[in-house]
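Hello,

Here is the structure I promised to pass on to you. Please open it beside this message, and I will walk you through what turned up.

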Amino acid sequence: MDREAGSQPRPDRHLNSVLLLYDKPLYRDWAFWTTVGVAGMTAIAMGTSRDPTATSLPRWLDTVLAVITFAFLFGVVPAWIRLLVRRSREHRPRHREQRPPADGHAAAASDWQQRQQRPPTGPQRRRSIDSASDGRPSTAAASLRSEESARTPAEPPSPATVPLRWAGMDADGFERLLFDLLRSSPEYRNVQWLMHTQAADRGRDLSMDRVLHDSAGGTHSERVIVQAKHWLKKPVDMPTIAATVAAVKLWGPPVIRTLIIATSGHFSADAVRWAEQHNDSGTAPFVELWPASKLEALLAAKPGLAVAHGLRPR
């Protein structure tokens, strides 16, 4: 049993709860019910028998003695044997751990002695402190936790999002920003700026391949189209999104799996609801809505892009 030096040993609570003649609660122990059953059947058999007894004792006394004898032989004795088996199993691993190596292996014996004299560390030290404190807070346990927290490196704080100067950017600059942002992301490949800004592109501004990784270590890619909406004075509404989805379906192979609609403003409630219903139906393409807040979060991790495109002061 692990304990700190100088502390008093205390009994193992696990042993106290297991190494009893009958398990607790009693109604779950088969040995207890065996004892009760044997005693009950003996009492019924002796009490209802009409045969004369072999002794001169009264029948009630003969019945009591028979109940005690049979309950002890067929109930208490098996439970006691089970208790002995459990005790031997509990103590056997400790004897193996504390047994020194056999003679003739001096190097192994010396290493074993050093391990016995070495103070516990890591999880062993934690169990020792918890055993010594007996569930009460102690200065040793608090010191261990403070040491472990000091050794554990703190997670880097996530970059904070800040409002960007969207008003100082035109539609061409917004598409160029999306092109540079997606091209710098490792999960996107073959990023292409398809049309000039004012072209009738039928819902397509940027094209790329999104690389997907599965748990088995394989990778596959899907085609993604990005539609840029540099709208600051009004939100992107539902008819605009529905028309863009309908236009994307007219594209030839390869099949477009995902449509990203990115805006420097926000989306209307009807547009968000329509996109959610469309995605729930399972019809391609899957629609992703990127409002200004999402773009600001992505650019917060890449402040150089925001500065280069004039969205932040240098």
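**Inside the sheet**

I260 stands opposite E288, a residue of β5. Please keep in mind that this is a predicted model.

That pair is a good way into the sheet, so let me start there. β4 and β5 run parallel and are joined by five bridges. On the way to β3, the pairing is parallel again: seven bridges join β3 to β4. One pair to look up here is Q227, whose bridge partner in β4 is I261. Between β2 and β3 the direction changes, as these two run antiparallel, with eight bridges joining them. There you can pick out M208, which has V224 of β3 as its bridge partner.

How are the five strands ordered in the open sheet? The order is β1-β2-β3-β4-β5, and the pairing is mixed. β1 and β5 (286–290) each have a single partner strand and stand at the edges, so each has one side without a neighbour in the sheet. From one strand to the next, the twist averages 25°. As a reminder, strands of a sheet pair through backbone hydrogen bonds, either parallel or antiparallel. β4 is mostly covered, with seven of its eight residues buried.

**The helix across the strands**

Helix α8, residues 238–248, lies across β3, β4 and β5, and runs at about 145° to β4. Its buried residues are T240, I241, T244, V245, A247 and V248. These cover an arc of only 165° around the axis, which puts them on the same side of α8. What do the buried residues of α8 pack against? Their partners are β3, β4, α9 and β5.

Close by in the listing is S268, in the loop between β4 and α9 (269–280). Is S268 buried or exposed? Its relative accessible area is 17%, so S268 counts as buried, the cut-off being under 20%. Leaving out residues up to four places away in sequence, S268 touches P235, V236, D237 and M238.

**Two nonpolar cores**

The largest nonpolar core has 25 residues, and those with the most contacts inside it are W166, L178, L182, M208, L299 and L311. At least two residues of this core come from each of α7 (171–183), β1 (188–193), β2 (206–213), β3 (219–229), β4 (256–263), α10 (292–300) and α11 (303–308). The largest share, six residues, is supplied by α7.

W166 is a nice residue to click on. Apart from neighbours within four places in sequence, W166 is in contact with F174, L177, H230, L232, S264, A292, L295, E296, L299 and L311. There is also a second, separate core, with 13 residues, including V248, L259, A271 and A275. You have already met V248 above, among the buried residues of α8.

**A helix with two sides**

Helix α2 covers residues 30–48, 19 residues in total. From its first C-alpha to its last, α2 reaches 27 Å, close to the 27 Å expected at 1.5 Å a residue. Which residues of α2 are buried? They are A31, T35, V38, A39 and T42. These cover an arc of only 95° around the axis, which puts them on the same side of α2. W30, M41, I44 and T48 are exposed on the other side of α2.

**Two backbone details**

A cis peptide bond joins A284 and P285, with omega at about 5°. P285 sits in the loop between α9 and β5.

The other detail concerns N190, in strand β1. N190 is not a glycine, yet it has a positive phi of about 55°. N190 counts as exposed, at 53% relative accessibility.

**The chain as a whole**

To finish, here are the overall figures. The chain's secondary structure comes to 11 helices and five strands. Of its 314 residues, 31% count as buried. Among contacts between residues at least 6 apart in sequence, 60% join residues at least 24 apart.

Happy browsing, and do write back with any questions.

Best wishes

How values were computed:
Residues are numbered from 1 along each chain as its sequence is written. This is a predicted model: local features need pLDDT of at least 70, side-chain atom pairs count only at pLDDT 80 or more; totals for chains, interfaces and linings use all residues. Side-chain values use heavy atoms; hydrogens and water are left out. A nonpolar core is a set of buried Ala, Val, Leu, Ile, Met, Phe, Trp, Tyr and Cys residues joined through side-chain atoms within 4.5 Å. Buried means under 20% relative accessible area, exposed over 50%, partly exposed in between (1.4 Å probe, protein chains only). Helices (H or I, at least four residues) and strands (E, at least two) are DSSP runs, numbered from the N terminus. Contact means heavy atoms within 4.5 Å. Two strands pair if DSSP finds at least two bridges between them. Axes are lines fitted to C-alpha atoms, for helices over the stretch in contact, and angles run from 0 to 180 degrees between N-to-C directions. The expected span of a helix is 1.5 Å times one less than its number of residues. The arc is that of the directions from the helix axis to the C-beta atoms.
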